[in-house]
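Hi everyone, thanks for coming. Let me put the sequence and the model up on the screen, and then we can walk through the fold together.

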Amino acid sequence: MKKMSQVLIESQTTRVQTTGRLINNTTKVKDIHQYCALGALACEMQLFSEKQSSYHEDETYLIQPTQSEILRAYDIESILDENIECSYCDGSYDEDYNKNGIYLSRDLSDYIVHLNDYHLKTFEEIGKDLEARGY
Ligand SMILES: [Zn+2]
């Protein structure tokens with residue numbers, strides 16, 4: 001199985017990155033063309049699926065995995081024993097989960113979202129950060 005960090009580093013050249021949601025707004029798997037880091041990880045493991053609408057025969061909607069399901073697909077529990085300290089917070093940010101302005105979280109998937117959405121780090125930067133942490 002590929003490591004999370006490897007998938008993200010490879011995604012740098014193969015996938016278009018987005019923020020604020022897992023993927024671009026679509027109802028079909030084949031139409032997915034933008035991904036946040038977690039969305040890229042989910043797509044690599046084919047965790048998105050379609051379900052046909054029970055009201056309209058020709059309509060489908062997309063079923064998205066949860067954050068913890070995405071990490072579990074890589075054999076990683078999202079909730080860790082210890083806090084992760086963000087590599088990029090410099091102490092001057094004002095945010096919800098801070099301690100002296102540094103993001104701390106025991107949820108690895110939340111940390112990935114923090115890097116993607118808050119710091120706007122690229123797939124490659126996020127992949128290298130995770131690689132350094134052993135993922
Ligand atoms: Zn941070």
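**Contacts, core and the last helix**

Let's start with contacts, meaning residue pairs whose C-beta atoms, placed from the backbone, lie within 7 Å. Of the contacts in the chain with a separation of 6 or more, 51% are between residues 24 or more positions apart.

A word on the source: this is a predicted model, where local features need pLDDT of at least 70 and side-chain atom pairs count only at pLDDT 80 or more, while totals for chains, interfaces and linings use all residues. Residues are numbered from 1 along each chain as its sequence is written.

The chain has five helices and seven strands, taken as DSSP runs (helices H or I, at least four residues; strands E, at least two) numbered from the N terminus. In order, they read α-β-β-α-β-β-α-β-β-β-α-α.

Now, which residues of helix H5, residues 123-132, are buried? They are Phe123, Ile126, Gly127, Asp129 and Leu130, where buried means 20 or more other C-beta atoms, placed from the backbone, within 10 Å of the residue's own. Down the axis of H5 they fall within an arc of 160° (from directions of the helix axis to the C-beta atoms), so they line one face of the helix. Their packing partners are helix H1 (4-14), strand S1 (16-17), helix H2 (37-44) and helix H4 (108-118). After H5 comes Gly134, with a positive phi near 95°.

Finally, Ile112: leaving aside neighbours within four places in sequence, Ile112 contacts Ala37, Leu38 and Ile126. Happy to rotate the model for anyone!

Notes: Buried ≥ 20, exposed ≤ 12 C-beta atoms within 10 Å, placed from the backbone. Contact = placed C-beta atoms within 7 Å.
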